[in-house]
Amino acid sequence: MKKKIVYIIFPVLLVLFQGGRNIESGKNSGNAILPDTTKISYRQLYTEMSLDGIVNYRAFLQAIAGYEKIDVLHKGILTLIDYTKPSTEKRLYVLDIDNRKLLHESYVSHGRNSGGNFATSFSNENGSYKSSLGFFLTKNTYQGKNGYSLVLDGLEKGINDKAKDRAIVIHGAAYCDPSFISASGRLGRSLGCPALPLNICKPIINTIKEGSLVFIYANDPDYLTQSPILSTVSSHKDLSTIPARFSTI
């Protein structure tokens, strides 16, 4: 099972607002005890993984909050997709939480009805051709019309739980190649899937398949209030306000 992030004294949001919750090494996906038992704050984890200037800290905090809360994971791997960034920038990050490493950074598409260069509109509905937000569990791989693909199971009712019915999967696509940006001024768009460049699709899928967490972020206040996962840990504070409080830490 994945390595757990441990509450030291206070609930998640209270500690975050007081300077960063602590984490402690636990078990990795093979149930082997990791030798490192050093307790570090979220900010220290973010810094230790060398994510500053690469990964949005606000998105990172929300992703980590879900990572700690969700207990069905089999891998200490967290994939973060940041749709506050334009499609012309790399905005998918595969994070090895157990070993505190950034494993992959990639371009990723959004749904064609979610927006042009930026994704600004999201849906859980069939036929919307929009991306969905929130937390997903990676499942099995298969060979489909888009080649090697990874099934995603949406974990949030009303937000992304129709992902399987909508065939929202991770797959490779030629329109996600950076050369497409040069020709069109933006990345190509999918029917709602987070599609990847063909040259990196398989390595990423093989890293995250079968029991890791994917979090799709867009700094959407409606998502935070409706999320079955994050709304239960946000108390009276909004997770989207955390980064400003941590800007000098």
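In what follows, Ala, Val, Leu, Ile, Met, Phe, Trp, Tyr, Cys and Pro count as nonpolar, Asp, Glu, Lys and Arg as charged, and the others, Gly among them, as polar. The exercises concern a predicted model.

**Exercise 1. Describe the lining of the largest pocket by class and by position.**

Step 1: The pocket in question, the largest, has a volume of about 320 Å³. Step 2: Of the 20 residues that line this pocket, the closest to its centre are Lys145, Arg166, Ala167, Leu191 and Cys193. Step 3: Two elements, E6 and strand E8 (169–171), each give two or more residues to the lining. Step 4: Sorted by the classes above, the lining of the largest pocket comprises nine nonpolar, eight polar and three charged residues.

**Exercise 2. Carry out a similar description for the second largest pocket.**

Step 1: The space in the second largest pocket comes to about 190 Å³. Step 2: Its lining includes Phe122, Ser123 and Asn124, as well as Asp220, Asp222 and Tyr223. Step 3: By class, this lining divides into four nonpolar, five polar and two charged residues.

**Exercise 3. Find the strands that pair with E6, and give a bridge for each pairing.**

Step 1: Strand E6 (residues 134–144) runs antiparallel to strand E9 (residues 213–217), and four bridges join them. Step 2: One residue of this pairing is glycine 134, whose bridge partner in E9 is isoleucine 216. Step 3: E6 also pairs in the antiparallel sense with strand E7 (residues 147–154), here over seven bridges, and threonine 141 has leucine 150 as its bridge partner in E7. Step 4: With two residues between them, E6 and E7 form a hairpin.

**Exercise 4. Decide whether serine 190 is buried or exposed, and describe its surroundings.**

Step 1: Serine 190 is found in the loop between helix H4 (178–184) and helix H5 (198–208). Step 2: Because its relative accessibility is 2%, and buried means under 20%, serine 190 counts as buried. Step 3: Leaving aside neighbours within four places in sequence, serine 190 is in contact with Ser109, His110, Gly111, Arg112, Tyr129 and Tyr175. Step 4: Valine 108 lies 82 residues from serine 190 along the chain, and the C-alpha atoms of the two are separated by 9.7 Å.

**Exercise 5. Say where the predictor's confidence is low.**

Step 1: Across the protein chain the pLDDT averages 84, and 77% of the residues score at least 70. Step 2: Over residues 6–38 the pLDDT stays under 50, and the model has 87 contacts beyond four places in sequence for them. Step 3: Residues 240–249 also have a pLDDT below 50, with 22 contacts in the model beyond near neighbours in sequence.

How values were computed. Residues numbered from 1 in each chain as written. Predicted model: local features only at pLDDT ≥ 70, side-chain atom pairs only at ≥ 80, totals over all residues. Heavy atoms only, no water. Pairing = 2+ DSSP bridges. pLDDT = per-residue confidence, 0-100. Contact = heavy atoms within 4.5 Å. 1 Å grid on protein atoms, 1.4 Å probe; cavity = no way out; pocket = protein on both sides within 12 Å on 5 of 7 lines; lining within 4 Å. Points joined across faces, edges and corners; volume = space filled by probe spheres on them. Buried < 20%, exposed > 50% of the residue type's maximum accessible area, 1.4 Å probe, protein only.
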